[in-house]
Amino acid sequence: MKRKRISRKIFTKDRIIIQFIFLISVLLVGYFVYIGIGWNVVVSLSDWEGLVPSYNIVGFDQYIKLLGDPIFFTSLMNNILLMLIFVPCTLFLGLFLAILLDQKVRKESVFRTIYLLPFTLSFVVTGFLWRWMYNPSMGVINTLLETIGLELLKSGWITDPNMAMFCVIISLIWQFAGYAMLIFLAGIRSIPESHIMAAEVDGASGFQLYKRVIIPQIKASTFTAFVILMVFALKAFDFIYILTGGGPAGWATEILPLTMYKETFAMTHFAYGSTIATVLFLLVMAIVIPYLYSTYRRK
Amino acid sequence: MRFLRFKRVILYILLIFFVIVTLLPLWAGIMTAFKTEADLIYTTPLEPPSSPTTEPLEKTFIIMQRPLQNSLIFTSVATILSCFLGSIAGYTLTKIKFKGSNTVFLGLIIGIFIPYQAVLVPLVMTMVSWGLYNTVWGLILTHTVYGIPICTLLFRSFYVGIPDSLINAAKTDGAGTWIIYRRIILPLSLMPFVVASVFQFTNIWNDFLFGLVLSRGTEAMPASVALANLKGGFVAMWNLQMAGTLWYTLPALIVYLILGKYLIKGFMTGAVKG
């Protein structure tokens, strides 16, 4: 009785607490995400250069400058290269690892923990580790090749402009394959046992079982992994910043987020940097909005 | 039968091959962190040190100590705050029906995917004008705000599974939303709180971009930025570079090895990185 009265007394105050805290979250995200994006667009339309802010709106000058900037196109090409090579290779390797682990492997969780390990490391850490791997004079890969008598294959790796981007891609596949594996493995495990047994009764086994029954049923996982990797291929920053800083030869591994950072914070071309950021934002949204629409439409 | 066994052997050879490839960079890093400068020249990176030394670790600890403390402070506080706010948001969006709640949810979780470059200039300007630039508080606020979207998603996907009948029963007993949250939702939330906090701790600890643009000098500098600076400070001194890497990665590595299964749960709930 007593308790009931107390809770009724604080009912109005009580309602406000939750709504107040929720409102804080909405306002914070509203300000730092939505106002931030709008503000960034405004900066991109201005002529702000140097450390003193200028909101003198000059229109699309910066966007026109973008179209004549070879560094912008080099960066965009490298982002596209990530999407075209890094994404499918990671998906393929992830699926392969998931299938291997699906063979009733002993100590499965140990293998899973190890394969996922690189993904849980900071890009700064993996960037440092791979700088050591690729170091041409004393690094891991070249000295290993020497030890096993394959000196022919020694290379400049990240110091060679023609190879650097592929080195970046290989390291990123190394870091993300475990993550793709995890998504695929969860997809495979969510298929009802009866479906697989029915297919086995029909004589499907091994490779055929995966090709005909299991892979077609993990479309949703594939889609999720695909979108997340595509978004990463656009957003990647930390790893390349540490590994190559966008070089060698100036822009061999330059990507849009890196160009944006350099233009804005190193050269204080705030308006131009914001323009690159706006383009990057639009590219990411072109992938994310259809994904969110198809995922949450029914809920 | 024999053929089957042959297949199993191939399977394990492949699995172990991938384990070696996965661990190779880490192995080289750890071995190098314990080498003297002479060892650096006379042993290959994959060989263990001939005379192991902790000198690189001691030297880099002097530089990394303050940044590691900073990282530990803002990571812990921002983890707690973003989980708490995410929990309230997840609760509001699933159990307190209001008009347009779905739109608000979608509006919140877009924050997971945006490239942070698109908000970086306004963020830095805001932090400068609020007097939070180059402070640990600024990093706490930033990581809390950008953690809210993913935490909301994690908690919402868990709270959807709590039956509404439980909430309605409490309502007829006269309990308000706060009482329901404290007496019913919170006691059931241990799992999502563990998942979200392990996930957030790892994410915030691993961050580099925000630390890079929001700190200058050592007062608020995160360990990730301090490590990046070692690159220029110790050119070609790979034992020191790897020792610094080891210091920075150790806390996140320990969390992963002990609480990895919760982190995996976090990744499964539509998680992202980068």
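## A walk through chains A and B

Start in chain B of this predicted model: select both of its domains, and you will find eight residues of domain 1 of chain B in contact with nine residues of domain 2 of chain B. On the domain 1 side of that contact, α1 (2-33) and α2 (37-42) of chain B each supply at least two residues. The biggest giver there is α1(B), with four residues. Colour that side of domain 1 of chain B by class and you get three nonpolar, three polar and two charged residues. To set up the selections, use 2-42 for domain 1 of chain B and 55-268 for domain 2 of chain B. Their centres, taken over C-alpha atoms, sit 33 Å apart.

**Next stop: the domains of chain A**

Now hop over to chain A and select 2-44 for domain 1 and 69-296 for domain 2. Here the contact takes five residues from domain 1 of chain A and seven residues from domain 2 of chain A. On the domain 1 side, those residues split into three nonpolar, two polar and no charged. Draw a line between the two centres over C-alpha atoms, and it covers 37 Å.

**Zoom out on chain A**

Show chain A as a cartoon: there are 14 helices and zero strands. Turn the chain around and you can follow the C-alpha trace over about 75 × 65 × 35 Å along its principal axes. Its radius of gyration is 25 Å, where a compact globule of 299 residues would have one near 19 Å. Colour by burial next, and 43% of the 299 residues of chain A count as buried. If you plot a contact map for chain A, look at pairs with a separation of 6 or more: residues 24 or more positions apart account for 67% of those contacts.

**Where the chains meet**

Show both chains and select the contact between them. Chain A puts in 79 residues and chain B puts in 68 residues. On the chain A side, pick out helix α2 (residues 11-44), which brings the largest share, 19 residues. By class, the side of chain A that touches chain B has 57 nonpolar, 16 polar and six charged residues.

**Helix α11 of chain A**

Select residues 219-235 of chain A. This is helix α11, 17 residues that reach 24 Å from first C-alpha to last, close to the 24 Å expected at 1.5 Å a residue. Which residues of α11(A) are buried? Click along the helix and you will find A:Ser221, A:Ala225 and then A:Val227, A:Ile228, A:Leu229, A:Met230, A:Val231, A:Phe232, A:Ala233, A:Leu234 and A:Lys235. Now show what covers those buried residues: the cover includes α4 (70-101), α8 (164-189), α13 (256-266) and α14 (270-296) of chain A. Chain B joins in too, with its α4 (101-113).

Stay on α11 of chain A and pick A:Lys219, which is found in this helix. Is A:Lys219 buried or exposed? A:Lys219 counts as exposed because it has 10 C-beta neighbours inside 10 Å. For a distance check, add A:Trp157: the two residues are 62 apart in sequence and 36 Å apart in space, C-alpha to C-alpha.

**Last stop: helix α7 of chain A**

Finish by selecting residues 140-147 of chain A, which make up helix α7. The buried residues here are A:Val140, A:Ile141 and A:Asn142. Then step just past α7(A) to A:Gly149, and check its backbone: phi is positive there, at about 75°.

Terms used. Residues are numbered from 1 along each chain as its sequence is written. Chains are lettered from A and ligands numbered from 1 in the order in which they are written. This is a predicted model: local features need pLDDT of at least 70, side-chain atom pairs count only at pLDDT 80 or more; totals for chains, interfaces and linings use all residues. A residue is buried if 20 or more other C-beta atoms lie within 10 Å of its own, exposed if 12 or fewer, and partly exposed in between; C-beta atoms are placed from the backbone. The expected span of a helix is 1.5 Å times one less than its number of residues. Two residues are in contact if their C-beta atoms, placed from the backbone, lie within 7 Å. Ala, Val, Leu, Ile, Met, Phe, Trp, Tyr, Cys and Pro count as nonpolar, Asp, Glu, Lys and Arg as charged, and the others, Gly among them, as polar. Domain bounds come from an automatic or database domain assignment. The radius of gyration is taken over C-alpha atoms; the globule rule is 2.2 Å times the number of residues to the power 0.38.
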